[in-house]
Amino acid sequence: MLRRLLVALALAGFAVALVDVAPTAAQGQTARASAPAATYKVPRLPDGHPDFQGFWNNTTYTPLERPKGIDREFFTREEVLERMKRAAADEAEQTTPGTIADVHYDFTQFGLDRSQAPVAVNLRTSLIVDPPDGHFPPMTEEGKRLNAARAEARKRAGAITDAAQNQPLSVRCILMDRDGPPMLAGAYHNNYQIVQAPATVMILVELLHSPRIIPTHARPALPASIRQIEGSSRGRWDGDTLVIETTNFSDMFMFAFQGASADMKLTERFTRISEDTLMYRFTVDDPKVWTRPWTAEVPWKKAIGPIFEHACHEGNYSLTNLLRGAREDEKRAREGGSRP
């Protein structure tokens with residue numbers, strides 16, 4: 001564990017030295033974090049657009065919403081490093097051998113935990129930057145009814161171990177939260193590769209090796225009757241910023257777990273603010289669920305490629321064994337036995 005902590009602190013110190021993603025509160029600055037430094041010149045492709053190509057990682061220790069009890073926008077650098085240190089220690093904790101809790105996927109064993117990934121240290125107390133309090137806006141009455149109906153439908157379906165269809169899309173190897181959109185980090189596998197062509201941008205997501213193909217030329221929007229699990233994305237350039245607007249989500253889309261409806265309009269913005277930092281900013285506009293749009297941003301740190309195949313679908317033994325284990329528990333209960 002000590003070695004992991006040292007790695008975490010070394011990475012954190014290195015990142016802080018390179019980029020302050022947001023000013024400290026003590027500095028009293030309000031400049032937008034997504035604005036590139038005045039001296040930085042964005043590299044360009046032959047077509048004149050900014051060059052975002054390469055490998056990036058959006059690992060972060062900053063929560064989407066501001067934690068309870070914190071009423072300020074920024075931490076100090078020292079506070080952030082201390083929080084990262086504690087988080088790395090928690091991730092390195094091992095379960096007791098021979099217990100049920102010890103039967104789990106130990107991603108720390110394989111060097112996948114956040115402390116061993118490139119991290120752009122974020123001094124913000126939340127990824128949500130608007131509203132300024134760092135929280136979701138109030139939910140509408142329609143949004144409350146929608147999410148209550150979802151909860152009731154899940155309850156009627158039974159336990160997640162009753163059927164494969166009751167498991168989240170990620171467990172079923174269909175779609176991961178890293179895919180989004182919006183694309184937010186998880187505990188590991190937070191790498192992306194961006195490839196640009198004159199009229200298209202491709203973002204390869206490491207988890208499930210899923211590619212997002214985004215046209216940046218004029219292309220008609222899909223009719224409202226056509227819905228897709230990742231929505232329909234259309235890109236354009238606004239100066240040095242790549243803007244992607246996505247609509248036409250299906251009811252199975254990933255951001256439903258945050259309460260959003262399939263009618264959500266998502267606007268993503270990519271701006272390169274330094275040689276090794278790409279600022280990712282997204283705005284959720286969903287009047288069916290929230291009383292106003294809200295915005296979050298997270299820095300992406302330059303990473304070392306290549307991205308290797310993530311073969312979740314090959315057998316998916318974890319899903320099979322989850323269901324098999326549940327049936328075995330039920331059998332023991334019927335026979336009056338107990339779990340070992």
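**Exercise 1. Asn248 and His209**

Task: In this predicted model, decide whether Asn248 counts as buried or exposed, and set its backbone beside that of His209.

Solution.
Step 1. The relative accessibility of Asn248 is 9%. Buried means under 20%, so Asn248 counts as buried.
Step 2. Asn248 is situated in the loop between S7 and S8.
Step 3. Although Asn248 is not a glycine, its phi is positive, at about 60°. Most residues other than glycine have a negative phi.
Step 4. His209 also is a residue other than glycine with a positive phi, in this case near 40°. His209 belongs to the loop between S4 and strand S5 (210–215).
Step 5. With 32% relative accessibility, His209 counts as partly exposed, whereas Asn248 is buried.

**Exercise 2. Cis peptide bonds**

Task: Determine where Pro131 and Pro181 lie, and describe the peptide bonds from Asp130 to Pro131 and from Gly180 to Pro181.

Solution.
Step 1. The bond from Asp130 to Pro131 is cis, and its omega is near 10°. Pro131 falls in the loop between strand S2 (128–130) and helix H3 (141–157).
Step 2. The bond from Gly180 to Pro181 is cis, with omega near -10°. Pro181 is part of the loop between H3 and S3.
Step 3. For context, most peptide bonds are trans.

**Exercise 3. The largest cavity**

Task: State how many cavities of 30 Å³ or more are counted, and characterise the lining of the largest cavity.

Solution.
Step 1. The count is one cavity of 30 Å³ or more.
Step 2. The largest cavity holds about 50 Å³ of space.
Step 3. Its lining consists of Asp177, Gly180, Pro181, Pro182, Leu184, Met254, Phe255 and Phe257. Gly180 and Pro181, which are among these residues, are also joined by a cis peptide bond.
Step 4. By class, six residues of the lining are nonpolar, one is polar and one is charged.

**Exercise 4. Gly186 in its loop**

Task: Establish whether Gly186 is buried or exposed, and which residues Gly186 contacts beyond its neighbours within four places in sequence.

Solution.
Step 1. Gly186 is located in the loop between H3 and S3, and Pro181 likewise lies in the loop between H3 and S3.
Step 2. The relative accessibility of Gly186 is 17%, so this glycine counts as buried.
Step 3. Once neighbours within four places in sequence are set aside, Gly186 is in contact with Arg114 and Arg178.
Step 4. Gly186 and Thr59 are separated by 127 residues in sequence, yet their C-alpha atoms are 7.3 Å apart.

**Exercise 5. Helix H2 and Val80**

Task: Test the length of helix H2 against its expected span, then describe the surroundings of Val80.

Solution.
Step 1. Helix H2 (residues 77–92) has 16 residues, and at 1.5 Å a residue it should span 22 Å. The C-alpha atoms at its ends are 23 Å apart, which agrees.
Step 2. The buried residues of H2 are Val80, Met84, Ala87, Ala88, Ala89, Glu91 and Ala92.
Step 3. Val80 lies in H2, and because its relative accessible area is 6%, Val80 is buried.
Step 4. Not counting residues up to four places away in sequence, Val80 touches Phe75, Val121, Asn122 and Leu123. Val80 and Thr125 are 45 residues apart in sequence, with a C-alpha to C-alpha distance of 9.0 Å.

**Exercise 6. The nonpolar cores**

Task: Identify the residues that touch the most other members of the largest nonpolar core, and the elements that give two or more residues to this core.

Solution.
Step 1. The largest nonpolar core has 35 residues, and Phe270, Phe282, Trp294 and Trp300 touch the most other members.
Step 2. Two or more residues are given to this core by each of strands S3 (191–197), S4 (200–205), S7 (241–247), S8 (265–274), S9 (277–285) and S10 (294–302).
Step 3. Apart from this core lies another, of 10 residues, including Phe75, Met84, Ala87 and Ala88. Met84, Ala87 and Ala88 are among the buried residues of H2.
Step 4. Leaving out residues up to four places away in sequence, the residues touched by Phe270 include Phe52, Met183, Ile203, Leu242, Ile244, Tyr280 and Trp300.

**Exercise 7. The chain as a whole**

Task: Give the order of helices and strands along the protein chain, and the share of its residues that count as buried.

Solution.
Step 1. The protein chain has four helices and 10 strands.
Step 2. Along the sequence, their pattern is α-β-α-β-α-β-β-β-β-β-β-β-β-α.
Step 3. Of the 340 residues, 46% count as buried.
Step 4. Among contacts between residues at least 6 apart in sequence, 65% join residues at least 24 apart.

Note on methods. Residues numbered from 1 in each chain as written. Predicted model: local features only at pLDDT ≥ 70, side-chain atom pairs only at ≥ 80, totals over all residues. Heavy atoms only, no water. Core = buried A, V, L, I, M, F, W, Y, C linked by side-chain atoms within 4.5 Å. Buried < 20%, exposed > 50% of the residue type's maximum accessible area, 1.4 Å probe, protein only. Contact = heavy atoms within 4.5 Å. Expected span 1.5 Å × (residues − 1). 1 Å grid on protein atoms, 1.4 Å probe; cavity = no way out; pocket = protein on both sides within 12 Å on 5 of 7 lines; lining within 4 Å. Points joined across faces, edges and corners; volume = space filled by probe spheres on them. Nonpolar A, V, L, I, M, F, W, Y, C, P; charged D, E, K, R; others polar.
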